[in-house]
Amino acid sequence: MELGNVSQPVYGPGPEAPGSSTPGLVRMVHSFLRLVQPNALPIELIADFGRSQSEEAIGEQVQELLFYEVGFLVCIAIGLLFILLVPLVGCCFCCCRCCGNCGGRMYQKQGRRMGCQRRALWACVLLVSALLLAGNICAFISNTRFSQAVHGTFPNVNNTLDNIHTYVTSIPQQISFIIHSSDVPLGHANRSLQDIGPNLGGTILSSIRSSTDGALGSLQSLLQGMEMLAATFSTIAFNCSHLKELQSDYSPRLAGLRDSINQTLRRCGTPCDTVSPDGLTFSTNFSTIPSVEQQLKALNDVSGSNIVADLEKVNSTLDMIPAKVKEQSQDVVTKAQDQLGLIRQEIKSLQEQLPLLDVEKNVKAFVGNTMSMLEEYREPIIALDVLRWSVCILLCCMVLLVVLCNIIGLLLGPLGLKESVLPTQRSCLSNAGGNFFMAGVGFSFIFSWLLMLVVLITFVLGGNIYVLVCESWRSQQLFQLLDTPGLIPGFNLSELLGQEGGTTNFSEMYRQCQRDAALWQTLQLDQSVSLDELLNISQYTTEISTAFEKMDISLSPISLLNQSQRNLLLTASQKGQPPDFTSTLEQLDQNVTQGSLLDLAARLEQLADKVDVEVKEDLKADARKLRELDKEVQTSFSGLLQNLKENIQSVQNGAAKLEAQTKAALDKANKTQEFLDRETANIIKNETWAFLEKLLDFLETYIFWAKSRLTGDVARCKPVAQTLDNVEAIACDYILDSLNAFWFSLGWCTFFLLPSIILAVRLAKFYRRMNIADVYRNEALEMPPTFNFYKIPRPSTRH
């Protein structure tokens with residue numbers, strides 16, 4: 001009985017990743033966040049937060065929470081200081097520059113190492129600008145990736161929810177498949193009942209025939225042997241009678257021919273004295289062959305009896321067993337079929353009682369509400385993302401403006417600078433390069449606090465959400481937190497899954513679903529619902545068993561042989577023994593005549609050549625008659641004699657085994673008859689119970705299969721775990737990683753704005769046109785010979 005396998009649904013592809021990718025940057029962000037927050041998620045603290053009524057307990061919880069967030073708090077403090085101090089420092093710097101301080105005085109002191117200082121500052125500004133540009137490029141990419149992730153979230157979430165919808169839709173289909181599979185065993189059982197004659201009657205017939213076929217075969221073989229033996233005896237009697245007739249026919253001819261030859265020999269005289277025709281007589285008297293009439297009568301009595309008809313009647317009675325079983329079991333079959341119909345109704349009612357269908361309805365409603373809510377907020381979210389993208393692009397352009405000022409300054413400054421020209425006489429190109437440096441410094445002071453404010457807000461939001469949700473999700477600490485009852489107001493996983501008073505463990509459920517376990521095992525429904533009770537059909541099988549217990553199958557009596565038939569067979573085996581054919585066989589081995597007719601004819605022909613003409617013709621005529629008679633005798637007697645000899649040997653061989661064969665057949669028939677009289681009722685009972693067990697085995701096999709499929713194959717929940725993984729990938733890998741990469745890149749740029757300000761201010765003085773310059777005079781001082789080689793410059797101020 002093939003029940004098949006529960007088919008599993010085909011699901012759509014997983015979420016599609018955004019087109020842009022910055023894996024190295026994302027790893028740097030993760031490392032930074034782990035450095036900021038190395039502590040594990042305080043599950044107990046979050047679960048108990050706010051539940052305590054005392055102010056001291058609440059204060060302790062707040063302290064523990066602040067201690068957990070100490071890394072973020074330190075970063076927030078640094079960011080706030082940056083936001084407050086950088087604009088303040090910028091204002092002070094601007095005022096001081098206006099007053100001629102902090103490098104505001106357009107004077108540059110000349111020295112030997114000015115060129116080295118300028119080149120070093122130029123290289124540092126170039127390096128910082130390159131770092132700013134790299135961070136800005138990463139910010140651009142992250143901003144684009146964030147928009148791609150937001151736009152791709154809706155189709156990704158819809159695909160994921162479609163998979164969940166496919167999953168929950170497959171649950172009633174799989175249950176319906178299991179329920180409709182009950183038609184297979186019920187159909188087998190119903191067909192077995194309809195064919196109870198061939199099925200049950202056939203097994204009863206096989207069991208009875210296994211014991212009767214041997215005895216019937218032995219008796220039939222015995223009867224065939226007696227019939228063949230009787231035919232052989234009849235052939236022997238016929239051959240003996242025919243031989244006697246031939247002997248009576250040929251004896252006068254032999255005697256007449258013998259007398260004729262004697263007369264011819266007497267007329268021949270002395271030359272013929274050596275020849276004697278006395279051998280012209282039969283060597284065997286066929287009338288002395290023993291008679292077989294007694295054997296024929298005994299064997300023919302068996303053939304004329306009704307033993308063969310009785311044995312055929314036994315076979316006919318046995319062949320009628322299936323029809324009798326069908327006729328006598330109609331009431332039982334009707335009752336059993338009624339119970340099968342009740343079993344069918346009971347199994348079909350199972351579809352309304354399984355708790356998996358409640359899970360399907362609740363989850364399907366939840367998925368539908370989620371999809372409608374996403375569709376409702378889709379357009380506003382996309383519109384807000386467009387605005388966010390524009391703002392972020394504007395912020396990136398601010399950094400890019402500073403980088404461009406630095407790059408233009410780095411290009412124009414060296415191009416317009418000549419080392420031999422006094423600072424007060426520097427070219428406009430060089431002066432423009434220095435002014436671009438100062439413009440970059442001004443833009444840095446103006447925009448840096450705004451950049452830091454955006455970085456701080458996105459860092460606090462994105463970093464905390466990533467640490468609290470994504471990291472704890474991957475370590476499954478979040479699932480342990482979700483297992484806390486009442487943590488999320490209005491969310492009860494047990495109620496969502498249709499379990500009244502259930503305590504479903506989210507973590508364990510997720511682990512089970514990752515192993516693609518069935519929902520029945522995952523939700524541990526066997527603790528609340530007993531499949532043994534739902535699939536309990538014992539009351540119906542008991543009714544079927546009771547009906548079969550009351551079924552009475554009676555067969556016609558089977559009698560192989562009666563006593564008179566046994567005696568007849570035994571008598572025939574004893575009287576059917578052949579008479580003593582020993583002397584007869586010896587005589588049959590001799591020639592038909594005592595002397596050879598051909599030899600006598602040859603002697604007469606030899607004498608004819610030696611005697612007178614008068615006797616010569618008579619001798620030749622007698623020799624010719626001998627040859628003709630010999631030919632007739634051989635033709636008439638040889639075949640009969642050979643056939644008689646073979647038949648005698650055949651009956652001797654057959655009759656020698658007949659008595660033993662008869663006793664063996666009768667013994668087997670007696671034992672078989674005793675077995676039938678003793679065991680026929682038991683055979684009927686045992687085969688009836690075997691048929692009933694086979695009938696019930698169809699149902700028990702189906703019940704076992706249905707239980708195993710419901711608990712092992714229906715609603716394999718790997719798609720649920722895959723859905724959670726997809727949600728984690730969409731939220732963490734696509735959206736949060738893009739957001740975190742953006743603030744990290746923007747923070748990177750903001751951080752390097754500080755060295756950019758300092759270096760740009762220092763480098764600008766080497767390219768801007770000064771108002772006051774140092775003048776060098778190379779005077780040779782009169783000094784002792786030891787110092788004649790030194791020249792000391794004398795600076796003087798020139799306006």
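## Arg716 and its surroundings

Arg716 is partly exposed, with a relative accessibility of 26%. In this predicted model, the side chain of Arg716 meets that of Asp713 in a salt bridge, with 2.6 Å from N to O. Asp713, for its part, is buried, at a relative accessible area of 11%. Buried stands here for a value under 20%, so the 26% of Arg716 places this residue in the partly exposed class.

Have a look at Ala715 as well, which sits in the loop between helix 23 (613-712) and helix 24 (718-764). Its phi is near 60°, a positive value in a residue other than glycine. Is Ala715 buried or exposed? Ala715 is buried, with a relative accessible area of 1%.

## Salt bridges within and between helices

Side chains of opposite charge can pair when their charged atoms come close. The count for this model comes to 13 salt bridges, and two of them make a nice pair to look at side by side.

The first one to visit joins Arg511 and Glu508, whose closest N and O atoms are 3.1 Å apart. These two residues are three apart in helix 16, so about one helical turn separates them. Arg511 is partly exposed at 32% relative accessibility, and Glu508 is partly exposed too, at 27%.

The other one is the salt bridge between the side chains of Lys707 and Asp532, at 2.4 Å from N to O. Lys707 belongs to helix 23 and Asp532 to helix 18 (residues 531-534), so this pair ties together parts that are 175 residues apart in sequence. Lys707 counts as partly exposed at 23% relative accessibility, while Asp532 is partly exposed with a relative accessible area of 48%.

## Around helix 7

Helix 7 spans residues 196-268 and includes Thr212. How much relative accessible area does Thr212 have? The value is 0%, so Thr212 is buried. Leaving aside residues up to four places away in sequence, Thr212 touches Leu318, Thr672 and Leu676.

A salt-bridge network is worth finding as well: Arg209, Asp213 and Asp319 are linked in it.

## A positive phi at Asp516

Ala715 has company when it comes to backbone angles. Asp516, also a residue other than glycine, has a positive phi near 60°. Where does Asp516 lie? Its place is the loop between helix 16 (506-514) and helix 17 (519-522). With a relative accessibility of 23%, Asp516 counts as partly exposed, whereas Ala715 is buried at 1%.

## Two surface patches

Now for the surface. Which residues form a negative patch there? Glu55, Glu56, Glu60 and Glu64 do. Glu55 is part of helix 3, which covers residues 55-68. Its relative accessible area is 71%, and because exposed means over 50%, Glu55 falls in the exposed class.

There is a nonpolar surface patch to look for too, made by Leu81, Leu84, Leu85, Leu88 and Val89 and covering about 490 Å². Leu88, one of its members, is found in helix 4 (residues 70-98).

Methods
Residues are numbered from 1 along each chain as its sequence is written. This is a predicted model: local features need pLDDT of at least 70, side-chain atom pairs count only at pLDDT 80 or more; totals for chains, interfaces and linings use all residues. Side-chain values use heavy atoms; hydrogens and water are left out. Patches are made of residues with over 30% relative accessible area and no salt bridge: like charges are joined within 9 Å, nonpolar side chains (Val, Leu, Ile, Met, Phe, Trp, Tyr) within 5 Å. Accessible areas come from the Shrake-Rupley method with a 1.4 Å probe; for residues, only the protein chains shown count as cover. A salt bridge is a side-chain nitrogen of Lys or Arg within 4 Å of a carboxyl oxygen of Asp or Glu. Lys and Arg count as positive and Asp and Glu as negative; His and the chain ends are not counted. The place of a charge is taken as NZ of Lys, CZ of Arg, CG of Asp or CD of Glu. Helices (H or I, at least four residues) and strands (E, at least two) are DSSP runs, numbered from the N terminus. Buried means under 20% relative accessible area, exposed over 50%, partly exposed in between (1.4 Å probe, protein chains only). Contact means heavy atoms within 4.5 Å.
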